[in-house]
Amino acid sequence: MSREMTKAAQPSAAARGGAPERAAADGAEPRLVFGRAWDYAPAPEAADHVTIAPRYDLFIGGAWRAPRSGKYFDTINPATESKLSEVAEANAADVDDAVRAARAAYESTWSKMKASERAKYIFRIARAIQEKARELAIVESMDGGKPIKESRDVDVPLAAAHFFYHAGWADKLDYAFHGRTARPLGVAGQIIPWNFPLLMAAWKIAPALACGNTVVLKPAETTPLSALLLARIIEEAELPPGVVNIVTGAGETGAALAAHPGVDKVAFTGSTEIGKRIQKALAGTKKRLTLELGGKAANIVFADAPIDQAVEGIVGGIYFNQGHVCCAGSRLLVEESVHDVIVRKLKDRVATLRVGDPLDKNTDVGAINSKMQLDKIKQLVDAGAAEGAERYSAPCALPEKGYWFPPTFFTGASQSSRIAREEIFGPVLTVLTFRTPDEALEKANNTMYGLSAGIWTDKGAKIFWMAERLKAGVVWGNTYNKFDPSSPFGGYKESGFGREGGRQGLSAYVELDG
Amino acid sequence: MTVAPHSPNDLARAGGAAAAPPRASFLPLFLTPPPPVDAVAVEERVAALAKRSIKKQAKVAGLRLAVAMMDLTTLEGKDTPGKVRALCNKALRPLEGDPSIGPCAAICVYPNHVSTARRALEGSGVKVASVATAFPSGQSPLAVKLDDVRRAVDFGADEIDMVIDRGAMLAGDYGKVFDEIAKTKEACGAAHLKVILETGELGSYDVVRKASEIGIAAGGDFIKTSTGKVQPAATPAVTLVMLEAIRDHYYATGRKIGMKPAGGVRTAKQSLHYLVLVKETLGDAWLTPDLFRFGASALLNDVLMQLEKERTGNYQAAEDFSKD
Amino acid sequence: MTVRTKTKDDDVILSAALAGAEPARLRVNKAYKMFVGGAFVRSESGRYFQVTSAEGGADPDVVNLPRGSRKDARDAVLAAKNAWGGWAGKTAYNRGQILYRLAEVMESRRPELTASLERGGESPADAAVEVDAAIDRAVFYAGFCDKFHALVASSNPVAGPHFGFSVPEPMGVVAIAAPARPALLGLVSTVLPVIAGGNVAVAIASERDPRTAVVFCECLATSDLPGGVVNVLTGQAAEIAPPLARHREVVGIDAWTADDALRAALERDGSESVKRVKTHAPLAPAAWLDDRVGQGIGWIERFLETKTIWHPVGI
């Protein structure tokens with residue numbers, strides 16, 4: 001490759017004073033080639049300083065203990081299909097132990113503790129996440145499949161930031177609710193998904209603790225490891241035993257937790273289907289509930305948008321984290337007059353996305369989290385093609401082992417297509433057109449989901465006009481997938497209810513008078 | 001893909017892609033105005049691309065390419081023939097221990113040193129680029145600026161690096177900016193023209209984009225960021241905006257325009273970052289000195305140090321590399 | 001043995017040698033200086049004043065401190081002004097991180113801070129309580145940097161097709177005359193909310209115990225706080241405060257001096273440039289320790305400006 005490069009690099013003597021060849025004399029269409037001139041070499045993240053234990057137990061009452069059933073299940077690396085570790089399968093009795101431990105800690109210690117002291121514990125957790133940041137990022141990428149670039153630069157720093165942010169609220173709740181008195185709820189049962197394992201743990205645990213509650217958290221079955229490393233951090237921060245408990249397991253463990261009578265508040269992030277089930281199960285109980293469910297967000301691009309940056313926003317909106325994002329911009333609504341140029345730019349842009357080893361620092365798109373998810377994606381993509389939409393997939397070589405799907409988009413889809421209505425939760429974008437702002441609005445809102453939306457235009461008034469009318473809990477103007485602990489996040493309609501982050505996010509974890 | 005019409009004369013010709021560079025024409029420029037540019041998003045994109053990790057053989061290949069793309073530059077009031085000759089030697093053989101490295105693409109000097117450079121580089125493929133048009137300010141009458149160009153060409157310059165009239169640009173007198181570039185191109189004759197936008201004075205990416213389109217439409221073969229005399233000089237963000245203008249122009253006309261960041265590219269790491277920008281915006285075809293150059297001086301030694309480090313495995317000392 | 005002039009220490013060494021004991025090691029005395037632009041400096045006037053220790057220990061019985069002049073005040077304001085853009089330009093999260101780091105450093109210097117307060121005349125028990133409170137107050141404000149916006153900003157439901165919102169902004173350079181007592185907690189309680197809001201500060205240390213202020217400055221200097229964000233002058237408030245009150249770059253004043261006449265004078269001086277002047281009669285130390293009195297959103301809010309922005313909503 002070096003030799004080829006040197007050859008290409010010699011300025012041709014014949015070219016002295018002349019211009020490089022312009023358009024091909026035969027009038028062929030201009031085409032950019034994103035090929036193999038100057039390939040990047042593999043750039044693996046050094047992972048030799050990280051140890052994953054062969055087995056993890058449950059973290060209950062400040063101690064590690066074996067599951068009552070003695071059962072463990074494997075957690076694998078979706079990029080290689082190799083086993084990383086085995087984790088405990090918590091059954092109803094384990095869940096019961098955890099809830100009791102949380103209750104005891106709440107009654108005896110946490111609810112009695114001065115708020116500013118509680119804050120200092122949470123600050124300790126934040127600090128330790130920063131100190132162990134690299135290790136957490138590597139484990140997160142290995143367990144879930146996301147690129148190291150993302151776990152290192154997004155997931156882990158945001159997780160630390162969530163703890164930092166919420167630590168500061170612990171002794172300021174008197175300010176947060178306009179004169180109303182806030183009291184903690186008690187024990188929070190929290191169930192989180194596999195797409196941002198550590199970050200979702202932070203989003204749940206930090207506000208719960210800040211408001212004076214204790215926690216039992218159930219991580220997703222395919223991604224338990226980062227939560228278990230977090231448990232170690234919590235242990236090292238010397239949090240009183242039982243304030244945070246981690247019970248690993250699958251759907252049944254989560255159901256047991258949500259249903260447990262000792263839990264005062266349930267927080268769930270995951271699919272709309274399971275969210276509805278949980279909401280139904282809680283009917284008739286006094287339990288408080290927040291749900292953060294699925295989405296089918298519209299990313300709306302007007303002709304007067306900063307076009308090249310809009311293309312970045314589209315790409316980031318759907319291919320970030322392999323599209324395993326509830327608020328992913330999975331529908332591109334593009335003004336018809338710029339449809340062709342946007343599609344052309346999208347094709348060029350998608351050609352430079354690097355799909356591969358999550359631990360390679362140059363990887364843009366990692367592995368699909370599980371075989372099950374990969375099958376779901378394939379099924380819907382096949383449906384899309386069958387419905388007559390035109391599929392374009394990035395021309396990339398995919399590894400032999402592991403679960404992979406190339407970044408893909410469909411043009412020529414209709415509003416009624418399955419790929420325009422159902423959440424795919426993968427790196428698949430559906431492109432639709434509109435002619436007027438009213439039409440964009442109508443199409444964007446024509447869904448049972450309502451989590452997020454993007455608006456791309458150079459006209460400020462139009463951003464506010466659209467934002468006012470979009471039925472979505474988070475609206476991004478000339479940007480996408482931006483998160484901050486101070487910024488409340490959550491959905492309308494079947495994307496769930498309740499907000500996480502910001503002052504507003506605290507309400508879910510307190511009882512308010514008046 | 002149809003080619004955007006240029007002048008009425010071009011319209012009169014049969015359609016299809018132009019085989020020769022079309023005559024410069026101003027009007028169509030603003031029939032399709034340049035798109036707005038969002039600064040925050042541009043800077044985010046550039047920061048994301050800065051994370052590309054270029055290691056081992058890719059690093060060596062990239063650094064060698066960077067050497068081949070260098071316009072080794074000296075533009076100082078105190079330049080002498082001796083200084084210029086030394087720089088030419090450096091361009092011909094950057095690292096005495098390794099003849100396979102280099103030569104650089106060009107030497108860039110003031111018009112008074114073109115002859116010296118020409119003689120020193122005789123028989124090699126290294127080009128002589130001359131700044132002209134009352135570089136760096138451009139604040140002289142057009143007649144003087146054009147004379148500056150003609151003389152530099154007469155002295156033997158293969159390439160002319162001109163400056164646009166930034167005052168006219170900021171005052172909105174785009175016709176004047178366009179006109180001066182077009183006339184400069186004519187004065188260049190066979191020499192190839194780089195149009196320096198002086199992005200550090202333009203104030204926003206929107207204006208950089210507009211100036212890029214004017215520079216290209218008026219006949220520039222390359223658009224270049226800076227004179228190197230004003231801070232900030234080249235930045236990755238401004239470079240990306242210019243590369244995007246080049247890309248859109250290529251799709252509209254089939255013409256490939258070159259790009260040159262100048263000033264502010266001091267380290268090997270930065271140069272690789274720029275190559276990443278080119279590769280991921282314009283693709284393979286632009287990864288050649290015919291279409292991409294670095295305007296630099298200190299950069300060369302840092303690149304050589306990095307190449308040595310890759311070869312030996314050890315971090316290098318600055319004093320081991322000749323300072324010309 | 002060479003012959004030289006006898007000194008007091010020679011007696012100590014000699015007695016110790018005669019007693020057969022190891023001679024006591026000679027202490028390196030700390031030079032106490034003002035803190036301006038991130039550096040420890042003497043007064044440009046070269047003047048000093050002296051403070052005595054309540055008991056011995058880590059300082060000699062008498063310590064020299066710079067007696068700050070109006071030119072020192074001018075230099076401090078310049079340093080603060082130069083630091084403001086960078087400080088206000090950081091994210092609120094980053095400011096919070098820096099204040100938390102300050103708390104970490106103060107915690108690690110707890111023994112020195114406590115000993116300093118004791119030398120300044122506090123009882124060991126009071127000193128310990130004061131230091132704990134000062135550290136916890138730093139943690140309190142660290143956690144407020146990125147939150148008060150949610151409490152003081154607003155979305156304004158204006159009657160018309162406009163999006164109206166009001167956001168808080170820092171003002172700039174705020175001058176502070178810290179209370180005489182409590183020397184550490186008083187300085188921490190007045191300075192931290194000002195900078196948590198994104199402002200920069202020029203503070204005059206307690207005249208009664210300026211040394212503890214200097215130890216606190218050593219904490220500031222090692223806490224990632226950019227130089228110039230907090231500047232602390234030692235000397236007489238009556239001499240330094242009025243030029244600050246008349247300085248046109250200073251936009252706010254927070255004066256805790258016991259001197260009624262001085263407070264009135266600062267109010268008059270401040271009026272010439274429409275400064276935001278807040279003067280206070282001294283508070284009892286117990287009040288400073290009370291979390292409902294000595295800290296809170298009001299302490300941040302009073303040195304914030306409100307900016308209201310309108311934008312049409314339409315296509």
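**Two helices and two domains**

Biologist: What makes the crossing of α8(B) and α9(B) right-handed?

Modeller: In this predicted model, the crossing of α8(B) and α9(B) is right-handed. The term applies because the near helix is turned clockwise from the far one by less than a right angle.

Biologist: Why is α8(B) called oblique to α9(B)?

Modeller: Helix α8 (residues 174-188) of chain B and helix α9 (residues 205-217) of chain B pack at an angle of about 40°, and their axes are 8 Å apart. Angles under 35 degrees would count as roughly parallel, and 65 to 115 as roughly perpendicular. The angle of about 40° falls in neither range, so α8(B) is oblique to α9(B).

Biologist: Which residues make the contact?

Modeller: From α8(B) come B:Y174, B:V177, B:F178 and B:I181, and from α9(B) come B:K210, B:I214, B:G215 and B:A217.

Biologist: How do these residues divide into nonpolar, polar and charged?

Modeller: The division is 6 nonpolar, 1 polar and 1 charged. B:G215 is the polar one because Gly is put in that class, and B:K210 is the charged one because Lys is.

Biologist: In chain A, how much area is buried between domain 2 and domain 3?

Modeller: About 2,200 Å², with carbon and sulfur atoms giving 56%. That value sums the accessible area lost over both parts. The C-alpha centres of these two domains of chain A lie 30 Å apart, and the contact takes 26 residues from domain 2 and 30 residues from domain 3.

Biologist: Which residues of domain 2 of chain A lose the most area to domain 3?

Modeller: A:W194, A:Y492 and A:K493, together 25% of what that side buries.

Conventions. Residues are numbered from 1 along each chain as its sequence is written. Chains are lettered from A and ligands numbered from 1 in the order in which they are written. This is a predicted model: local features need pLDDT of at least 70, side-chain atom pairs count only at pLDDT 80 or more; totals for chains, interfaces and linings use all residues. Side-chain values use heavy atoms; hydrogens and water are left out. Axes are lines fitted to C-alpha atoms, for helices over the stretch in contact, and angles run from 0 to 180 degrees between N-to-C directions. Helices (H or I, at least four residues) and strands (E, at least two) are DSSP runs, numbered from the N terminus. Angles under 35 degrees count as roughly parallel, over 145 as roughly antiparallel, 65 to 115 as roughly perpendicular and the rest as oblique. Contact means heavy atoms within 4.5 Å. Domain bounds come from an automatic or database domain assignment. Buried area is the accessible area (1.4 Å probe) that two parts lose on being put together, summed over both.
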